[in-house]
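Trainee: I've got a model open and a pile of labels to go with it. Can we go through what earns each label?

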Amino acid sequence: RLPFILLENHLFSLSDDIVFGTKILMRAQQKIYKNHAYKMRYADLPFVDKPIEVEERTDSEFRILYSGNYYSKIRNIEPLVEAVESIGDEKVILNVYGNGDVDLSNKKGVVKHERVSPEEIHKIQTESDVSVCILNSGCVQIPGKIFHDAGINNHVLVIADGKYKEEIK
């Protein structure tokens, strides 16, 4: 972490303004970089050029999408998997696109896929009913996908987890 702190401090010293996507991240950074705190502000409004339109489907499946890594030290996907399994309905499907250290094989209602390109994920999002974002367990930074997914004409489920979940809420 030290090389990043030194690099960030140097970049902040060259900056006129420092804008964060959330107030909580700005406050955390102000504690670390006290000498640059006066330059920091936040803008919590996502920007999307063109919203992603969701396709109308005729099937009766309820498709949940999680895309991204799910290494257990960073993001805990297990409660989501357990929730889908507990529903016990074969029409409720959690599609997971990404890499992780949690074994998703033999989980009822869960389909594991390899990582795909952002363009492919956009297409898959238009065919899903809900996109899921799991907060980092040990970091105050909110995953950027929340801001991106705000532009989807669909539901986004944010799972609050980790030591900063109350502040982020």
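Mentor: Sure, start with strands E6 and E7 (residues 155–159), which pair in the parallel sense over 5 bridges. This is a predicted model, where local features need pLDDT of at least 70, side-chain atom pairs count only at pLDDT 80 or more, and totals for chains, interfaces and linings use all residues. Residues are numbered from 1 along each chain as its sequence is written, and side-chain values use heavy atoms, with hydrogens and water left out.

Trainee: What makes E6 and E7 a pair?

Mentor: Two strands pair if DSSP finds at least two bridges between them; strands (E, at least two residues) and helices (H or I, at least four) are DSSP runs, numbered from the N terminus. E6 and E7 have 5 bridges, so they pair. In E7, His155 is the residue opposite Val130.

Trainee: What about E3 (residues 62–67) and E6?

Mentor: Those two have 3 bridges, also parallel, and Tyr66 sits opposite Val132 of E6.

Trainee: Why is E6 (residues 130–134) called largely enclosed?

Mentor: Because 5 of its 5 residues are buried, meaning under 20% relative accessible area (exposed is over 50%, partly exposed in between; 1.4 Å probe, protein chains only). Val130, Val132 and Ile134 point one way, Ser131 and Cys133 the other. In a regular strand, side chains alternate between the two faces of the sheet.

Trainee: And why does Leu11 count as partly exposed?

Mentor: Leu11, in helix H1, has 45% relative accessibility, so it counts as partly exposed.
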